[in-house]
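Me: I would like to go through a protein model step by step. Please keep the answers short and give the reasoning each time.

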Amino acid sequence: MDPAQAWERLKSTLNGTTVALHSSRQGANEHGTGFFVGPGLVLTCAHVVLPGDRSAEHVEGVWRRGTEQVSLAFAVDDIDVRPFDGGRGPDLALLRVSGGPPRDQPCVALSRGSGLPPGGQKLYAHGHPGHDYSGGDSFTLEIVGGSWHKSGATLLKVGGSELWAGASGSPVIDEKSGCVIGVVRAKQRRTLPTADFESRLVPAHVVWDTFALLGQEQRIGYGPLDDWVGLLNDGQLREGNWKWTGPDLTGYLTLLREATGRHGYVDVLQRVLRGGSAASGGPPLSTAGFRVPVRAKPGHDAEKNGGADCRPLDAAALLPGAHIVGEAGTGKSTLLRAVARDSAQEWLTGTVGDYVPVYAPAPLLADGIGTESWDPHRWLSRAVSWDLSDAAAKRSGDIRFQQVLPQPAAFEEPPFPARKWLVLIDGVDEVDRGRRKQVQGALAAFANAPQFTLVVASRDPFRDDDGIELPSLETLRLCRLSGQVRRQLAENYLATFGAGTATVDIFLGELERLGLSELAMRPLFCVVLCAVYVTSGADGLEGGRFKLLERLTEILLTGAEQQRAGAAPLSRKELRRVLAAHAGELRDPLLALRPSLEELLHQVPSELRVQSGSRPWIEDVQSFLYATGLVASDAPEDQPFSHELLVDYFAACRWASTTPLDSKAIRQVAEDCMKRDKESYALFRAAHLLTTAPGLIADELGAWSARRRHQAAVMITKLAAEAAPVPPELARAAVRALERWARKAKPGVPPPLRSPDLPTAPGWPEWAAARVAAAPVAQLRHKGLELTDPGR
């Protein structure tokens with residue numbers, strides 16, 4: 001709305017809040033003006049209800065409700081009178097309407113400013129004179145300055161219109177705050193005919209000091225007061241010291257809530273798991289499912305005592321500022337986004353928050369650094385505007401959302417008195433090295449400015465000089481999930497699909513059965529595994545660990561692409577090839593010297609490289625891989641993977657693409673499935689063989705050599721236990737081989753809890769007997785195969 005139109009609307013609203021008052025006592029009469037300041041509460045001057053300087057016997061009023069005149073009566077015993085008393089008192093009175101608040105009663109907003117407003121401001125007032133215009137008359141004033149009575153009263157001197165009898169008690173508003181800044185008390189006679197008219201007001205802060213009751217009545221949530229406050233713009237709210245969102249701040253917080261209310265991996269999961277958009281079926285994957293009950297501890301040291309030194313981390317723990325550090329996928333971005341979204345929601349629902357959130361990715365802050373002189377406020381404004389531009393574009397039909405993005409001047413002062421901006425800067429480690437010094441300087445300025453509380457998040461540095469030093473902030477390192485917290489995260493996520501406790505128990509049991517429990521200690525991995533599980537149908541985590549890791553790594557690579565501002569430095573296909581090559585060399589027992597990942601990246605042809613930004617390409621690839629969570633910064637260079645299972649998976653991919661498939665290869669994989677230290681890598685290779693060489697496996701199961709049959713049967717049995725898609729004919733052949741082997745089990749010897757360490761170790765016949773009686777058959781029946789239970 002045009003400022004002039006908004007001012008006229010405020011003036012018109014003020015006119016509807018005033019009441020013409022008349023008091024009498026034994027022939028003495030007074031008339032004046034009052035105005036609504038709460039439900040059934042009318043504020044006026046004390047002398048208006050003290051006819052003949054004595055308490056009134058009757059007080060009545062007339063209020064114009066539109067075109068209707070409403071008569072009001074006031075209980076004289078319930079009037080709180082604070083007389084002027086020769087300059088020692090404020091000359092104020094608070095009246096209560098008999099019978100309760102009248103229908104559709106309005107209410108003004110009293111300025112909460114603590115001092116006298118500066119001189120020169122234009123004012124507007126409305127009252128009820130005791131003449132032909134007693135229905136209401138308007139007048140303008142101008143602030144002259146403060147006025148202090150010799151007996152102690154603090155008043156505000158104004159000039160302008162000549163006041164008339166009956167103006168006492170009239171509310172006065174100023175355009176700067178849009179609130180009532182004072183109550184007309186008395187006019188000053190002119191000492192010379194040419195002198196200006198001067199009057200005195202009781203300032204609004206004196207009203208607050210006099211009537212503590214108004215602190216309960218003048219608060220957001222009271223409908224008529226909300227109507228008045230809703231007319232004010234952001235500047236007026238700040239000037240009036242109202243901790244309430246104006247139209248600009250409301251629009252900004254709405255955009256912030258929308259932008260931070262959707263997790264960065266949601267779209268990726270929709271596409272990878274469902275083959276399309278959210279419209280492809282199933283409930284939406286909301287941010288609520290990604291909420292991590294984060295644990296944190298000071299410093300960068302490794303966890304000790306089983307994480308006993310970790311503590312829960314929420315928004316309150318981030319004040320008065322913090323530097324959040326953690327591995328990729330430990331919930332740093334989720335935490336900052338959740339704090340921003342929850343705080344924005346708090347303000348938008350009418351609650352006065354502790355701070356006003358500002359969220360910006362650090363690379364955008366770096367992009368906002370221009371060639372102009374030092375101006376962190378401008379840089380922050382640019383970063384926030386760019387981050388919210390997509391959300392603003394979706395609301396392009398609403399003119400408000402094209403104008404609410406915060407300007408640099410907004411960050412030069414607090415959003416409200418006694419409130420700060422909570423600046424949340426995410427991904428500081430992703431800033432190019434060439435601009436880190438400037439970004440660190442800007443962050444230091446935010447950390448030291450009184451209007452800001454700063455929280456930054458970054459991953460662990462790749463090298464000692466990669467870190468961001470902010471000595472004024474406490475460093476909090478995010479811990480990996482404990483079993484209890486992992487369960488809570490699974491419950492949060494699966495609840496978005498309507499899953500209950502039983503489903504969570506089954507999911508966690510599947511993780512344990514597949515050996516994925518430790519992998520799921522990282523929040524991002526846990527959420528992705530939850531998503532794979534819940535979209536896999538009634539059979540849970542189907543396809544075995546190989547297919548599961550294939551989907552997990554695809555989601556992580558795709559998600560890292562989505563999080564970047566520019567293109568990925570290398571295609572997903574080439575990244576997989578490099579990771580597979582490195583993992584394959586790590587698992588090759590014949591290699592004495594294994595090249596590092598950086599050395600392998602040097603071998604990538606230049607035509608396959610995508611240069612984005614100013615950082616060196618290899619450094620960009622390393623940062624990208626770290627963002628996926630597949631690579632850990634604190635791991636040694638010769639083994640950078642974040643988990644051993646990832647090494648086994650990628651090494652199996654390398655083996656599948658380079659190893660000729662023949663009987664020798666099958667026998668080697670089957671034998672390794674019987675070795676504890678090689679079992680995981682062997683089973684990933686065996687899963688590949690199920691689809692590429694089932695005939696060769698069948699030959700091994702039917703071989704004349706019992707050793708070869710036993711090895712192949714163990715391989716198939718362990719694959720079946722992983723829910724791998726074992727063909728029915730191979731399952732039957734494996735069961736027959738186990739039946740024969742089980743006949744050699746020694747009577748009374750209990751079966752081992754898990755398979756023996758080596759093919760030659762004792763206990764294999766007993767293990768085979770136990771598998772025949774339980775796991776393989778039960779698992780194969782789970783797949784719908786018709787088998788006879790050989791244990792009967």
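The questions below cover confidence, the cores, one arginine and two helix contacts.

Me: What average pLDDT does the chain have?
Reply: This is a predicted model, so each residue carries a confidence score from 0 to 100. In this chain, 82% of the residues score at least 70. The chain average is a pLDDT of 81.

Me: How many contacts does the model have for residues 775–792, beyond four places in sequence?
Reply: Confidence is poor in some stretches: over residues 191–195 the pLDDT is below 50, and that stretch has one contact beyond near neighbours in sequence. Residues 775–792 also stay under 50. For residues 775–792, the number of contacts beyond four places in sequence is 35.

Me: Which helix gives the largest share of the largest nonpolar core?
Reply: The largest nonpolar core has 98 residues, and those touching the most other members are Phe 507, Leu 516, Ile 697, Leu 701 and Leu 719. A single helix, residues 523–534, supplies 10 residues, the largest share of this core. That helix is H15.

Me: How many residues are in the second, separate core?
Reply: Among its members are Ala 366 and Val 423. Phe 446 and Leu 473 are also included. The second core has 53 residues.

Me: Is Arg 486 buried or exposed?
Reply: Arg 486 lies in helix H13, residues 483–495. Leaving out residues up to four places away in sequence, it touches Leu 481, Leu 508, Ser 517, Ala 520, Met 521 and Cys 526. The cut-off for buried is under 20% relative accessible area. Because its relative accessibility is 11%, Arg 486 counts as buried.

Me: Is H22 roughly parallel or roughly perpendicular to H24?
Reply: Helix H22 (residues 679–692) and helix H24 (residues 706–721) pack with their axes 10 Å apart, at an angle of about 90°. Angles of 65 to 115 degrees count as roughly perpendicular. Therefore H22 is, relative to H24, roughly perpendicular.

Me: How many charged residues are in the contact of H22 with H24?
Reply: H22 contributes Glu 679, Leu 683, Ala 686, Ala 687 and Leu 690, while H24 contributes Met 715, Ile 716, Lys 718 and Leu 719. By class, seven of these are nonpolar and none is polar. The number of charged residues is two.

Me: Which residues of H23 make the contact with H24?
Reply: The axes of H23 (residues 694–701) and H24 come within 7 Å and cross at roughly 130°, which means that H23 is oblique to H24. The contact residues divide into six nonpolar, no polar and three charged. On the H23 side, they are Ile 697, Glu 700 and Leu 701.

Notes:
Residues numbered from 1 in each chain as written. Predicted model: local features only at pLDDT ≥ 70, side-chain atom pairs only at ≥ 80, totals over all residues. Heavy atoms only, no water. pLDDT = per-residue confidence, 0-100. Contact = heavy atoms within 4.5 Å. Core = buried A, V, L, I, M, F, W, Y, C linked by side-chain atoms within 4.5 Å. Buried < 20%, exposed > 50% of the residue type's maximum accessible area, 1.4 Å probe, protein only. Helix = DSSP H or I, 4+ residues; strand = E, 2+ residues; numbered from the N terminus. Axes fitted to C-alpha atoms, helices over the stretch in contact; angles between N-to-C directions. Parallel < 35°, antiparallel > 145°, perpendicular 65-115°, else oblique. Nonpolar A, V, L, I, M, F, W, Y, C, P; charged D, E, K, R; others polar.
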